[in-house]
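Here is a brief report on one protein chain. Look at the sequence and the fold first.

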Amino acid sequence: MRTGLLMKIGLVVAILAQPVAMQPQSAQAQAMKVQPKEAQSLSSAAATSPEQHEEAAASAERERFEQQTDEFMKTAMDKYHVPGVTLAVVKDGAVLLEKGYGYADVEAKVPVDPLKTRFSIASVSKVFTATAAMQLAEQGKLDLAADVNQYLPDSLQVDNSYKTPLTMKHLLTNTGGFANAEQRKGAWSNTVPEQRVPLEQTLQKLLPPLVRAPGDAVQYSNEGFTLAGYIVERASGLSYDDYIRQHIFAPLHMDNSLTYLTPERLNQQLAQGYSYDKGFVKMKQGEVLTYPAGSIWSTADDMGKFVLAHLQGGGQGENAILQQDTAKQMHSLQYSVHPLMPGYAYGFFQNYKNPAILVHPGDTEAFSSLISVMPSKGLGFFIGCNSQYEGDDGTFRDAFEEQFYSFFGVSLDQPLAESTGEAPEPAASIQAYAGTYAMVISEGLGPGVSKLRYQMVTPRVTVSEQGAVTLKSAGEALNGQYTQIGKQIFYNKKVNKYLVLKEGEGGSKYAVLDTTVPFQAFVKLNPWKAGAGGLAWKVALAGALLGLIAGVIAICRRKKSGPKRMSLRHRLPAYLIAPLILGTAVVTMLGVFSESRAVQGHWLLAANLLAAGIAAGIACSAGFAVKYGRSKKLHLLDAAVILGMGLAGASGIFYMYLMKLLLFA
């Protein structure tokens, strides 16, 4: 027994006596970590004390976690084309790890410094805006349940025709009901402005109309959070920037964080942003003009302080940024379509894989970030990356989140309840929800990749006579039959997912899927519009394929044409409609799925030029048909080709119109 005890004591002393040293810098990692103080000579009694055992265990855990994280970064950064990462991890009231990986500037070989290198945190800035609003609410300067119009000037009154008033609670949970204004001019500047554009001026240009009643459904809205930031200005009497600096940055000593960029700040240790297109492509730095929604730049060290404050219930002592009760309210579920479904807290939203975890991601064209906290376990982290490419969709940061919580024994695959105890609704009342649905976030978007991608995600809901609901075209992780387990909520045991069907204030039908909260809501489409779009697309493609075959045959038999047939050169415009339709389809698909910036920048113009070619082909064919018809020389086969290709071409253009892809419609 004594021999064993002495061996354990010796092992503890050996662990604690190891000197602390910075890891050597390399292309993949440059570290600045939180380490326990270097152990000095310890007596046997001290070495065996509970405090020393806890310190040794914490040190061992830290080393294991860092080793796992290093291995993850080495593999994942290459796999997902990430040049640089900044990371802060918090556990049990202290920073467990702060570390930089890779490069802040690839060309100059500047490593990421977790203390000094500033990354754009993008939409993670919304959590700062929500924190500011909660501070003012606890001071009695803001009423989260009051109509926001009472805080707004006459020039910015929100026109709300619905019974439900628009409140700060709606703005902070992305349930305001605004149309999506993501692609409107004025939200982003391609250069860093010399002077800050006032929020009131930006909102007068950008604030979209309400398209649904506040509280009907979650729809991610940068403009909604920008309005919340403007209300923070109105309630506090300070500019948004001054408020964040004085009431969040200053008490937390976030000394290396910026609320916005100026031309002078471009050289102040900012990470260079990149896209990826067969290699890292340096992106020109612009600026977010809807800045309460996404303009903050920060370091891992500073963000670790912010994460720690939220995990400590708002912080401690003079450095606290929220009172304990306010922090608890901010982290509590504030909106969900059903108690069993993931939803929104204030600023944060629940991880749909484990609702005890609160998150908010951030994305620009050149940066990706994520804040993730689990207050019940005292766990959290911030991760920032200086790259982004189309189609990534946060895969790198999500992969890190999974391995992070797995290391600490937190499951991201929670079993779901199979019954609510509620009486199910009659099968007849569910029939009205059968139909095709589109993402609510697609409403209000102008032509572009985002619009097309959102509109191509059109799940279908079918309802049997017994009330069983089947979800189709929503992806393998969601498709299948759902059984009603309570009022408006259905469960699919095979994929372990819920589905909620609900009616909004204005009568709109919603299908809410068990997926990432900001993108969980789908609205039922007008049956005519849904059916017409699908039919038009099928007619266009079928006609194009048949026309292509007919055109090839006509060219091969051009010397055998009878005297009553139109000459080939007069039939050619009709035949050319076929490859133009197919070309439009190919270009559109490239626009949706390609990761190339060159394709992303030009596909819509190319598709519209091809559509113009289709229209020209239809016009020319119709002109030649009229010419031959007047002379009674129009052959029946020629008439069929012209009519068929005209119908196919018109169907293709009509489909583009329905999908809002025509630039001049």
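The notes below cover a run of strands, a helix residue and some annotated spans.

**Strands 16 to 18**

The model is predicted. Strand 16 covers residues 460–463 and pairs with strand 17 in the antiparallel sense, over four bridges. Five residues separate the two strands, which form a hairpin. In the turn, Gly-467 has a positive phi of about 95°. Val-463 has Val-469 of strand 17 as its bridge partner.

Strand 17 spans residues 469–472, and its side chains alternate. Val-469 and Leu-471 point to one face and are buried. Thr-470 and Lys-472 point to the other face and are not buried.

Strand 17 is also joined to strand 18, residues 480–486, by three bridges. These two strands run antiparallel. Here the bridge partner of Leu-471 is Gly-480 in strand 18.

**Thr-588**

Thr-588 sits in helix 15, which runs over residues 568–593. Its relative accessibility is 8%, so Thr-588 counts as buried; the cut-off for buried is under 20%. Leaving aside residues up to four places away in sequence, Thr-588 touches Leu-452, Trp-603, Ala-607 and Leu-661.

**Annotated spans**

An unreviewed UniProt entry places "transmembrane region" features at residues 535–555, 575–593, 605–624 and 636–658. The table describes two of the spans in the model.

| Span | Helix | Strand | Distance between end C-alpha atoms |
|---|---|---|---|
| Residues 535–555 | 100% | 0% | 30 Å |
| Residues 605–624 | 100% | 0% | 29 Å |

Technical notes
Residues are numbered from 1 along each chain as its sequence is written. This is a predicted model: local features need pLDDT of at least 70, side-chain atom pairs count only at pLDDT 80 or more; totals for chains, interfaces and linings use all residues. Side-chain values use heavy atoms; hydrogens and water are left out. Buried means under 20% relative accessible area, exposed over 50%, partly exposed in between (1.4 Å probe, protein chains only). Two strands pair if DSSP finds at least two bridges between them. Contact means heavy atoms within 4.5 Å. UniProt positions are given in the numbering used here, feature names are shortened, and annotations may be inferred rather than shown by experiment.
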